[in-house]
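Here are my notes from a pass through the coordinates, set out as numbered points. Please read them with the model open beside you.

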Amino acid sequence: MHLLAVAATLGVPRSAGSHSPDLDAEDALAPAWTALVQLLRDFAAAPASPSATFALEQQLRERMRELGRLGLEWAYNHVEPREVEALPSHVEFEATPYTRLGRPTPQVVATLFGNVRLWRVGYRPTHRTGESTLFPVAVQLGLAAGATPAVAERAAYYQSEAGATQRRTRQRLRDDHGLRWGIKKLRAVVARVADGMAAARHDVQVQNVLRLLEQAWLGTGPHKPVLSVGRDGISFGLPVRGGTVFEVATAGTVTVIDRRGRRLGTVYLAHTPESKQGTMSRNLTRLVTAVLQAWERPLPRLCYVTDAGDNEAAYYATVLRPMRHPRTGDRLDWVRVVDYYHASERLWAMAGALFGPGRQAHAWVRRMQTLLKRPNGIRRVLNSASVHRSRQMLKRKRRAAFDKAYNYLRKRTPFLRYAAYQRVGIPCGSGVTEAACKTIVTQRLKLSGMRWTKGGAQTILDLRVLNLSGVWTEAYQRLLRAFPSVTVPTYATCGRNELTIAA
């Protein structure tokens, strides 16, 4: 009852020119604090039991949340002066003059502790330009779509996690924060956060790669540090009239490997299906170029590890191979690696054509896989396959299967020097990039019953790559610093017709 009384007191609408009864913080929180203490005393005075312990912690969480909610409501409603007349009559925001309205209006604001009611004074465009009413206190608090920065960040983070759904996120907001959001509200908040954080993604990812390179450089081991780049595609369904069309989404990775051949960390990129994957190419190139531009120590070893898909091969041929150092102009020595496991798949294809299913095929593949990682291994593998091929009269389908696999390996011989790669600490497999497709896309966007638009999917991908890259906090701090600021002078010195510049 004490909590309800305080909540009702703080929620009383204030009349034009005045706030609700001007309690100080201690008085506003006293009833809730007293109720919380009494809860603890009641538990201590009763016989202890597992059910009582469970109930205490559940009730205590609710009381603590209510205490925080009331405290936030008090604090946010005391950002502006109590009297409307104490506010400047005019303000200027983003080069547009605004005129103060005569009375405050309420707004329900979502916080980490539940909804609070904020009374704020609005300013309308002086020249009736059609701009929305400005609420300086809302801008000062960083409110977006009726949510504080703290709870907006949590909602976006929940949506970025593997296995998340709108239903699951709304349930977490309800259980942990006392918020009952609809889908429209959730999407509005998450979209605004994603847009802001996406703008900061490039800079924070560059800084993270540079930190990892510095860590690798200062480490010990027989090799030079390695900067490994990869990209891959994954089938992704988009709804169209009458069904679903499957296109290829893309994931990109930039990985730092230390002097002992251990992966220190990876930053990720992802993009929804797009013809020729131009956005992925631009973002990946921009990231790599910025890292090389800022890195002032001797260059790490540079490698590009992917499968042999058309887009992956074209990116190496048209971007990485001719790339020059952004500061010195020197030609960069990129080592192209075709993924070992994709090469192994061609061994199985040739074995099936040569020997059919059975032990002989299995034994040959195992020998060739070992041979493939030895010096001059790919040529020895191709020679062995050719000898077996010359001894058999393969029928049409088996001959076509053999030739396709054989030619795949023959044409990519320069990129299959696995013994040389291992000798200098370059990875032979694109497992990091393959895993990125699963962790970024499959585990979040391809759950049962999900249907996406390109815009909605990209919003989640933008959040997910920040989460998995380990730069979430840095990106969100940059978003907060980019919020438009409102500078209001000392309220007591404001004349009634004073023009105040607000950011």
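Leaving aside its neighbours within four places in sequence, which residues is Asn467 in contact with?

1. **Asn467.** The residues in contact with Asn467, leaving aside neighbours within four places in sequence, are Tyr157, Ser160, Glu161 and Trp472. Contact here means heavy atoms within 4.5 Å. Asn467 is part of helix H16, residues 454-468, and it counts as buried at 18% relative accessibility. For the accessibility classes, buried is under 20% relative accessible area, exposed is over 50%, and partly exposed is in between, with a 1.4 Å probe and protein chains only. Helices (H or I, at least four residues) and strands (E, at least two) are DSSP runs, numbered from the N terminus.

2. **Ground rules.** This is a predicted model, in which local features need pLDDT of at least 70 and side-chain atom pairs count only at pLDDT 80 or more, while totals for chains, interfaces and linings use all residues. Residues are numbered from 1 along each chain as its sequence is written, and side-chain values use heavy atoms, with hydrogens and water left out.

3. **Aromatic pairs.** Rings of Phe, Tyr and Trp (its six-membered ring) pair if their centres lie within 6.5 Å; planes under 30 degrees apart are stacked, over 60 edge-to-face, and the rest tilted. That rule gives 10 aromatic pairs. One of them joins Tyr340 and Tyr341, edge-to-face, with 5.3 Å centre to centre and 80° between the planes. The two partners differ in burial: Tyr340 is buried at 7% relative accessibility, whereas Tyr341 is exposed at 54%. Then there is Phe355 with Trp364, a tilted pair because the planes are at 55°, with the ring centres 6.0 Å apart. Here Phe355 is buried at 16%, and Trp364 is buried too, at 0%.

4. **A ring cluster and two arginines.** Tyr304, Tyr315, Tyr316 and Phe415 are linked into a cluster by ring pairs. Tyr316 also has Arg336 over its face, 5.8 Å from the ring centre. Arg346 takes a similar place over the face of Tyr408, at 3.8 Å from the ring centre. The rule for a charge over a ring is NZ of Lys or CZ of Arg within 6 Å of the ring centre and within 35 degrees of the ring normal.

5. **Helix H2.** What happens at Pro31? A kink of about 35° in H2 is centred on it, the bend at a residue being the angle between axes fitted to the seven residues ending there and the seven starting there. H2 covers residues 25-45, which is 21 residues, and its first and last C-alpha atoms are 30 Å apart, close to the 30 Å expected at 1.5 Å a residue. (The expected span is 1.5 Å times one less than the number of residues.) Buried residues in H2 include Ala28, Ala32, Ala35, Leu36 and Leu39.

6. **Helix H12.** H12 has 14 residues, 377-390, and reaches 20 Å from first C-alpha to last, close to the expected 20 Å. Its buried residues are Gly377, Ile378, Val381, Leu382, Ser384, Ala385 and His388. Seen down the axis, they fall within an arc of 160°, so they line one face of H12; the arc is that of the directions from the helix axis to the C-beta atoms. The cover over these buried residues includes helices H10 (340-355), H11 (359-372) and H13 (396-411).

7. **Positive phi.** Most residues other than glycine have a negative phi. Arg128, not a glycine, has a positive phi of about 50°. Arg128 lies in the loop between strand E5 (123-125) and helix H4 (136-141) and is exposed, at 78% relative accessible area. Lys276 also has a positive phi, near 65°; it is placed in the loop between strand E8 (263-271) and helix H8 (278-294), and is exposed at 71%.

8. **Two spot checks.** Asp403 lies in helix H13 and is partly exposed at 31% relative accessibility. The C-alpha atoms of Asp403 and Ser344 are separated by 15 Å, with the two positions 59 residues apart along the chain. Arg282 is in helix H8 and exposed, at 53%. From Arg282 to Asp258, 24 residues apart along the chain, the C-alpha separation is 27 Å.
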